2 protein chains.
Amino acid sequence: MKKYIPILKNTKLFSGISEEEINTMLSCLQAKLCTYKKGEYVLRQGEYIDNIMVLVEGKLHIQRDDYWGNRSIINMVGVGEMFGEAYAAPESGALMNDVLAVEDCAVLFFDVKRIITVCPAACRFHSMVVQNLFFAISEKNRQLMQKLGCMSRRTTREKLISYLSEEAKRHNSSSFSIPFNRQQLADYLSVDRSAMSGELCRMRDDGLIEFDKNRFTLL
Amino acid sequence: MKKYIPILKNTKLFSGISEEEINTMLSCLQAKLCTYKKGEYVLRQGEYIDNIMVLVEGKLHIQRDDYWGNRSIINMVGVGEMFGEAYAAPESGALMNDVLAVEDCAVLFFDVKRIITVCPAACRFHSMVVQNLFFAISEKNRQLMQKLGCMSRRTTREKLISYLSEEAKRHNSSSFSIPFNRQQLADYLSVDRSAMSGELCRMRDDGLIEFDKNRFTLL
DNA sequence: TCATTTCCGTTGTAAAAACAACAGACTTGT
DNA sequence: ACAAGTCTGTTGTTTTTACAACGGAAATGA
C-alpha cells in the first residue's frame with residue numbers, strides 16, 4: 001500500500017497533505033487495497049457501498065448496459081482520480097452504474113464515515129481531507145453538467161465537436177490524445193459506432209479536424 | 001426574509017436545524033434576498049459567483065441555449081431546493097448555464113466562504129449545515145447521473161420511458177404531474193417537441209401510458 | 001367579452017441515425 | 001511467424017428524428 005503514497009499525494013483528495021501525513025491517515029481511515037484484472041468489475045449496478053474509492057493504478061470506466069445491450073459509458077477514471085463519492089451520503093441508495101476495469105487496476109477503499117466524522121485520534125489534517133472531498137465532489141458535479149451539455153446536442157457531429165472542444169480546452173492544446181477507442185467513444189457519446197466513424201471522416205474531409213488513431217487535432 | 005424561515009427549515013441545507021437557529025444563522029451567514037419576475041435571469045452563463053442559492057419562492061430552470069437557439073433545460077429547481085452549489089469550490093470557473101425564473105421568484109444568497117469555513121462566532125449548528133451541504137451536493141451528483149442515464153437513450157420513446165419511470169419512482173405512484181409543459185419537456189430531454197408529442201400519443205395508443213395535460217399515468 | 005397569445009397535436013418532407021454486414025489493417029498471444 | 005481476434009472505415013437499407021407549417025383548444029389579458 002505504501003508504494004502508492006506518492007500517487008495519493010497528487011490526488012485531489014489528499015492535496016496539500018505530506019507523504020508522512022498520508023501514511024498516518026491510511027491507517028486512521030482504515031484504507032483497503034484491492035486489485036482487479038482487465039475486464040473485471042470493481043462494482044456492479046445494484047450494490048450498496050459505504051466507501052469512497054481512489055484508483056491508484058490502471059483505468060476504469062463508469063458505465064451502464066441497458067436491456068438491449070446498449071452500453072453507455074458515463075465516465076472514465078484515470079490514476080489518482082476518485083470515484084463512488086456520489087454515494088458518500090447515507091441513504092444514497094444502490095449504485096446506478098457498473099465500474100469496470102479496462103486495464104489491470106489497483107483501488108484504495110476508504111470508509112466514508114471515517115472521513116466525514118472527526119476521527120477519534122483527531123488527525124491533524126483530517127479536516128483538510130473533508131474540505132478536499134467537498135471540492136472534489138463539487139468539481140465532479142461540474143464535469144457531469146459538462147457531459148450533459150455535450151449529450152444534449154442533437155447530431156453526432158455536434159456531440160463530437162462539443163466533446164473534442166472540451167478535450168482541447170482540458171489539454172490546453174488543439175492536438176491531444178483521447179482515452180477511448182472508437183467503440184468506447186461511441187458508447188461515451190451514446191451514438192452508433194459506424195455512424196460516428198463516418199461522421200469523423202466527413203469532418204476530416206470538411207477540414208474541421210485531423211486524426212490518427214486516438215490522436216486528434218482541431219483545425 | 002424572516003417569513004421564509006419555515007420554508008428553509010424543510011430544505012436539505014437546513015435539515016435538522018430549528019427555526020430560531022436558522023434565524024441566527026441567516027445573519028451569521030449574511031444571507032441576502034433577491035426577487036425576480038417571471039422571465040428574468042437570476043444568473044447568466046459566463047458569470048462568476050461565490051454564493052450558494054436557495055429558492056424560497058417560485059420556479060427556476062437551469063438551462064443553456066446554443067448557437068443555433070436550441071434550448072436545453074439541464075434541471076428544474078423548485079421551492080426549497082438549492083442551486084449553484086457546484087460552484088462552491090474556489091477556482092470553479094465561470095457558470096456554464098443560465099438560471100431563468102419561469103415564475104416570479106425569491107432567492108436567498110449565502111456566501112460560500114462563510115459556510116465552509118468555521119464562523120467566528122462558532123454557531124452551534126454551523127458544522128451541521130456543512131455536512132448537509134455535503135450530502136446535498138452528493139445527491140445532486142446522483143441526480144445528474146440519473147439524467148445522463150436518461151439522455152443516453154437512443155430514441156425519443158426510450159427517453160420518455162426513462163424519464164417517466166423515474167418520476168413515477170420519485171412520486172411513489174404510477175400517476176403524477178410533471179413540472180414541464182411539452183416544449184419544456186422536449187428541451188429537458190433534448191428532442192424535438194413535435195416529434196415528442198407524436199411519440200407520446202403513439203405510446204398512449206400502444207397502451208403504455210395515459211395522460212392529460214401535465215398529468216401522466218403509467219400502465 | 002373579445003382579441004391575442006400560448007399550447008398541443010398532426011402532417012409531410014428532408015435529414016440524420018441506427019443497424020447489419022464486410023474487408024483490410026493492426027494487435028495479441030502462442 | 002502465424003493464427004486468431006480486434007479495431008476501423010465503408011456501404012446500403014431501414015428506422016427515426018428534425019424541421020416547418022397549420023388548425024383547433026385553452027389560457028391570458030385588456
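How many bridges join strand β4 of chain A to β7(A), and do the two run parallel or antiparallel? Hello everyone, let me keep you waiting on that for just a moment. One thing to say early is that what we have here is a predicted model.

Now, back to the opening. Strand β4 of chain A, residues 60-65, is joined to β7(A) by four bridges, and the pair runs antiparallel. If you want a spot to look for in that pairing, find A:Ile62, which sits opposite A:Val99 of β7(A).

β7(A) has another partner too. Strand β2 of chain A, residues 41-43, is linked to β7(A) by two bridges, again in an antiparallel arrangement. Here the residue to find is A:Tyr41, with A:Leu100 of β7(A) opposite.

And what about the side chains of β7 itself, residues 98-101 of chain A? A:Asp98 and A:Leu100 point one way, A:Val99 and A:Ala101 point the other way, and all of them are buried.

Let's move on to how the two chains meet. On chain B, 40 residues are in contact with 40 residues of chain A. Between them the chains bury about 3,800 Å², and 66% of that is on carbon and sulfur atoms. Within chain B, the residues that lose the most area to chain A are B:Phe134, B:Leu148 and B:Arg154, which together make up 18% of what that side buries.

Last stop: the DNA. Which residues are closest to DNA strand C? Of the 15 residues that surround this strand, the closest are A:Thr156, A:Asp192 and A:Lys213 from chain A, with B:Arg182 and B:Phe211 from chain B. By class, that surface has six charged, six polar and three nonpolar residues.

Two helices are worth finding on your screens. α7 of chain A and α7 of chain B, each covering 193-205, both supply at least two residues of the surface near DNA strand C. The largest share, four residues, comes from α7(B).

And which part of the DNA faces the protein? Among the atoms of strand C within 4 Å of the protein, 67% belong to sugar or phosphate, and the rest belong to bases. We can point to some of the phosphate contacts. A polar backbone atom of A:Asp192 is 2.9 Å from a phosphate oxygen of strand C. For A:Lys213, an N or O atom in the side chain is 2.9 Å from a phosphate oxygen. From chain B, a polar side-chain atom of B:Asn181 lies 3.5 Å from a phosphate oxygen of strand C.

Thanks for listening!

Definitions and conventions:
Residues numbered from 1 in each chain as written. Chains lettered and ligands numbered in written order. Predicted model: local features only at pLDDT ≥ 70, side-chain atom pairs only at ≥ 80, totals over all residues. Heavy atoms only, no water. Near = heavy atom within 4 Å. Polar contact = N/O pair within 3.5 Å; in protein donor to acceptor, adjacent residues only side chain to side chain. Nonpolar A, V, L, I, M, F, W, Y, C, P; charged D, E, K, R; others polar. Buried < 20%, exposed > 50% of the residue type's maximum accessible area, 1.4 Å probe, protein only. Pairing = 2+ DSSP bridges. Contact = heavy atoms within 4.5 Å. Buried area = accessible area lost by both parts, 1.4 Å probe.
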